[in-house]
Each structure stands twice: as C-alpha cells, then as structure tokens.
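Here are some notes on the model below, set out as numbered points. Please read them with the structure open.

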Protein chains: 2
Amino acid sequence: MAELEMRVAIAKVPRAGEVESGDTLEMIERPGGGFSFVLADGQGSGRSAKTLSHLVATRAIALLKDGARDGAVARAVHDYLYTYRMGQAAATLNILSVDFAAHKILVTRNNPAPFFAITPQGLRSFNAPSAPIGLQPLIRPQISELPVAAYTYVVLFTDGLLRAGERRGEDLGLPNYLAAWPAREGRDPQTLVDSVMQRALELDDGQPSDDMSIVVLAILPRSDAPGLRRLMVSAPIIATGHYEPPDEPEIEE
Amino acid sequence: MAELEMRVAIAKVPRAGEVESGDTLEMIERPGGGFSFVLADGQGSGRSAKTLSHLVATRAIALLKDGARDGAVARAVHDYLYTYRMGQAAATLNILSVDFAAHKILVTRNNPAPFFAITPQGLRSFNAPSAPIGLQPLIRPQISELPVAAYTYVVLFTDGLLRAGERRGEDLGLPNYLAAWPAREGRDPQTLVDSVMQRALELDDGQPSDDMSIVVLAILPRSDAPGLRRLMVSAPIIATGHYEPPDEPEIEE
C-alpha cells in the first residue's frame with residue numbers, strides 16, 4: 001500500500017454582527033491512534049448558543065479522549081444534554097474520525113444537514129434522516145464508515161452554509177459544485193474549503209445570515225517528511241471579556 | 001487598536017524507528033474565549049510514553065474546557081499523575097494560552113526546557129527552574145504572562161529539539177537563531193517552524209534521536225476576512241492497530 005496522509009482544512013465564520021461563531025469545532029488525537037473532529041452547533045445565536053456548543057463539544061472530546069467509541073459518545077452527549085437541559089435545548093453534533101487502529105473513516109451525525117464524500121468514483125451524499133441532540137429521549141446518531149483510501153474527500157458543515165444566499169433566493173448548489181471536484185488530482189482540501197467559503201460569503205454579500213463552518217478531510221499520497229505532523233491555526237483576536245480575571249496573583253510563584 | 005490575529009504553527013516528528021511520537025499536543029477553544037495548546041512529553045518512548053502523554057493531555061484539556069484557570073489545571077494534572085502513578089511516572093507539561101477575555105498570553109510550564117518570546121525589542125528567554133510533573137508531591141508550574149501585542153512570537157518545544165545534533169557533538173543554537181528572527185517583518189510562524197525543524201532534522205541526519213515537537217504562536221495584524229478562523233492539520237496515516245475494533249454492528253442503525 002502506498003504511504004498515505006490525512007489532511008484536514010476547516011474554516012468558520014460568525015453570523016454578521018457577532019464577533020464569535022456559535023459553532024464550536026474541536027479536534028483531538030484519538031488515544032488508540034488517529035484524530036477526531038467534533039463540530040457542534042447550538043440552537044440560537046450569540047453567547048448562549050456558544051456556551052451550549054462548548055458544553056456539547058467538551059463532553060464529546062472528554063469521552064473520545066477516554067477511548068470511548070464514537071457512537072457511544074454521541075449517545076452519551078445526547079443523554080447529558082437531554083438530562084441537564086431537560087429536553088429544552090437542541091444542538092447538532094458531527095464527529096468525523098480517522099481511526100488509525102481500525103483503519104477507517106467514521107462519520108457520526110446528529111444533524112439534519114447531510115455530508116458528502118467525493119472519490120474518483122464520484123460524489124456520494126449521506127442524507128439519511130438524523131435529528132439534533134437534546135430534545136427527545138434516546139436519540140441515536142447516524143454512523144457511516146468509509147475506507148481510508150487515496151483521493152477520498154469528506155465534506156461536512158453546519159446548516160448555516162446551506163442557508164447562504166437565502167436572502168436573495170439563491171443557494172450554494174453545493175452538490176453540483178462538489179460533483180465537479182477533480183478528486184484524482186489530489187488537490188489540497190484547503191483549496192476546496194476556501195472556494196466554498198468564498199462562494200458562500202459572496203452569496204450573502206459578505207454579511208453571513210448564520211454561523212457557517214465547513215470541514216474537509218482528504219486522504220492523499222504522502223507529501224511530507226516521514227512521520228511529520230503539522231497543525232496550523234489562525235483566528236482574529238476578539239475581546240470576549242465577559243468575566244473578570246481572577247484577582248489572586250499567580251505569576252512566577 | 002489595530003485589528004490583530006493569532007496564528008499558530010506546530011510540527012511534530014517521532015524518534016527515528018517509531019511510527020508515532022511520544023509527545024501529545026492538543027488544542028482547545030477556551031470556553032471564555034481564546035485558545036489553549038497543551039504539549040505533554042511522557043517519560044520513556046514508544047506506546048507507554050504515548051499513553052502517559054495522552055493521559056496528561058486528556059486531563060488538562062478536560063479541565064481547561066470546564067473553564068479552570070491554567071495554573072490550577074497544571075496543579076490538578078500533576079496531583080492526578082502523582083496520585084495514580086504513585087510518584088513513579090514523570091511527564092513535562094506546557095500550556096500555551098491566548099486568553100481573549102483577559103487579553104493575555106499565558107505560558108504555564110512544568111518543563112526544564114525553557115521557552116522563548118521574540119518581539120521587536122528582542123529575544124527573551126524564560127528559563128526559571130521548573131520540574132516535570134509526577135515525581136514529587138505538590139509540584140508547581142512556572143507561569144508567565146505576556147501582552148497580546150503585534151509582532152510577538154512565542155516559541156516552545158519538547159526537550160528532544162534541544163538534543164538534535166547531540167550524536168555529532170553539535171547543537172541547534174536555537175537562541176542565536178531566534179535572536180536573528182526579524183519579528184517586525186511579521187513573517188508567518190509556519191516559516192519559523194519549518195526552518196527550525198529542518199535544521200534539527202539535518203543535525204540528526206534525518207534520524208531524530210528523540211521525539212521533537214515545536215509550537216510557535218504569532219500575534220500579527222489581521223490579514224484574513226473579518227471573523228474568519230482557519231485550522232489545517234496533516235499527519236501520515238499509520239497502523240496503530242493495537243486493539244480489536246468492536247464486533248457489534250453499529251452502522252446506520
């Protein structure tokens with residue numbers, strides 16, 4: 001088998017007028033090998049939505065880091081939210097895992113929005129009905145497995161992306177756009193994320209009507225030095241300042 | 001105040017002959033706003049070192065996601081390791097936070113290896129004595145604060161990086177190299193990470209004698225669309241396969 005690498009590119013923007021997106025994205029290294037990406041979208045907007053998506057994502061990554069299997073994590077996070085918010089708060093939850101031990105890509109989805117896989121054989125849409133977590137008892141996730149094979153792209157997002165252009169009665173036409181993606185050329189997933197996000201922002205005249213997040217995973221032939229892993233993050237510095245920093249001196253003690 | 005962004009670049013390689021580094025790096029979004037990066041290096045090498053650094057990093061990110069302050073996290077993680085491994089296991093632990101609420105950079109360090117800050121005023125080395133966690137009771141971290149100011153770079157790493165070139169009696173000369181970094185030009189931190197990692201690999205003839213990880217944070221004038229956050233990850237696909245995947249069918253249920 002040729003040596004492969006995974007590359008993941010993610011972009012997130014908040015709804016126009018908000019400094020911070022209500023979507024939360026967290027990444028962890030799986031204790032058995034591989035990586036998981038958790039994308040949570042809390043109902044509503046602003047700080048309360050952000051706090052809700054933080055709570056959901058926090059619970060999910062804590063369980064994943066303990067080695068819990070993805071399906072059990074989604075169920076436990078639902079049960080937690082349903083129990084402690086008494087069925088009053090909803091959130092969508094996607095878990096994308098590249099499992100090095102099982103040699104599989106796993107997508108665990110509690111989200112009405114579909115996700116897509118692009119391979120040299122074409123585009124596949126995963127749109128089996130799936131409910132958000134938090135509202136009804138005993139909600140289950142949709143779990144999909146894909147092989148870890150070269151030139152596989154997995155595209156997932158929060159529903160805000162599908163709402164881009166709504167104000168002018170247009171839409172992103174995401175399936176058509178993705179169907180035209182030349183998987184076999186092995187382009188960087190960053191290119192795909194940038195072009196989708198740019199189109200979405202244009203459709204909303206640079207004023208997104210909802211938080212939008214997009215995650216693209218690509219499995220590609222290895223291009224880097226052996227064993228080398230990389231991570232890059234960029235984010236605007238914003239003032240959240242909603243709590244006072246503690247008074248007690250803690251520095252260089 | 002000019003609009004600023006944070007950019008973080010990270011690279012990790014395992015010791016030659018290992019498929020996976022014993023160092024674990026995790027990133028979380030802080031619930032009060034901002035990001036934290038946790039870098040743990042477990043004593044020894046191979047799977048047991050990796051498991052140890054996973055345990056330490058897992059505990060740290062779970063506490064940080066609950067909103068615990070960084071100094072309390074380092075203490076609690078030490079106490080946990082010291083209690084449950086009965087003073088027999090050591091790990092180094094660095095927490096680098098960009099706290100949007102307090103508008104500060106915080107570095108919390110339980111690591112004999114120093115860290116560096118580069119600003120237009122020059123290089124500053126933070127090398128106050130600091131012990132790894134796990135071996136003695138009531139170990140405390142060294143905590144350093146830096147302002148969130150443009151053209152500030154923070155460079156931290158695991159001790160493997162300082163050992164590059166040991167076999168041929170050379171060393172990386174990291175302080176000299178960093179002192180020459182032109183902070184005010186605002187170069188991408190990826191450039192700094194790549195050049196340091198490439199020099200380290202050359203000194204070890206492409207066969208690192210230890211796991212090496214380097215993290216560079218830069219605070220720079222904003223260059224991206226308003227509100228846009230980005231994340232990119234790449235990693236070779238390896239076979240860890242040390243446990244059997246569960247038998248029970250869990251797919252599309």
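Over how many bridges do strand 3 and strand 4 of chain B pair, and in the parallel or the antiparallel sense?

1. Basis of the notes. This is a predicted model, in which local features need pLDDT of at least 70 and side-chain atom pairs count only at pLDDT 80 or more, while totals for chains, interfaces and linings use all residues. Residues are numbered from 1 along each chain as its sequence is written, chains are lettered from A and ligands numbered from 1 in the order in which they are written, and side-chain values use heavy atoms, with hydrogens and water left out.

2. The strand pair. Strand 3 (residues 34–42) of chain B and strand 4 (residues 91–99) of chain B are joined by nine bridges in the antiparallel sense. Strands are DSSP runs of E with at least two residues, and helices are runs of H or I with at least four, numbered from the N terminus; two strands pair if DSSP finds at least two bridges between them. In this pair F35(B) lies opposite V98(B) of strand 4 of chain B.

3. The sheet. In chain B, five strands form an open sheet in the order 2-3-4-5-8, with antiparallel pairing. Strand 2 (23–29) and strand 8 (142–147) of chain B are its edge strands, each pairing on one side only. From one strand to the next, the twist averages 10 degrees.

4. Helices within chain A. Helix 1 (residues 46–65) of chain A and helix 2 (residues 70–84) of chain A have axes that come within 9 Å and cross at roughly 140 degrees. Helix 1 of chain A is therefore oblique to helix 2 of chain A. Axes are lines fitted to C-alpha atoms, for helices over the stretch in contact, and angles run from 0 to 180 degrees between N-to-C directions. Angles under 35 degrees count as roughly parallel, over 145 as roughly antiparallel, 65 to 115 as roughly perpendicular and the rest as oblique. The crossing of these two helices of chain A is right-handed. Among the residues in contact (heavy atoms within 4.5 Å) are L52(A), L55(A) and R59(A) of helix 1 of chain A, and D70(A), V73(A) and Y80(A) of helix 2 of chain A. By class, this contact has 11 nonpolar, no polar and two charged residues. Here Ala, Val, Leu, Ile, Met, Phe, Trp, Tyr, Cys and Pro count as nonpolar, Asp, Glu, Lys and Arg as charged, and the others, Gly among them, as polar.

5. Helix 1 across the two chains. Helix 1 of chain A packs on helix 1 of chain B at an angle of about 165 degrees, their axes 10 Å apart. Helix 1 of chain A is thus roughly antiparallel to helix 1 of chain B. This crossing is left-handed. H54, T58, I61 and K65 make the contact, from helix 1 of chain A and from helix 1 of chain B. The residues divide into two nonpolar, four polar and two charged.

6. Relation of the copies. A turn of 180 degrees and a shift of 0.0 Å along the axis lay chain B on chain A with an RMSD of 0.0 Å. The two copies are therefore related as by a two-fold rotation axis. Superposition is by least squares on the C-alpha atoms of residues with pLDDT of at least 70 in both copies. M232(B) is the residue of chain B that comes closest to the rotation axis, at 2.6 Å (C-alpha). The copies meet through the same surface, because 100% of the interface residues of chain B are also interface residues in chain A.

Key: A crossing is left-handed if the near helix is turned anticlockwise from the far one by less than a right angle, and right-handed if clockwise.
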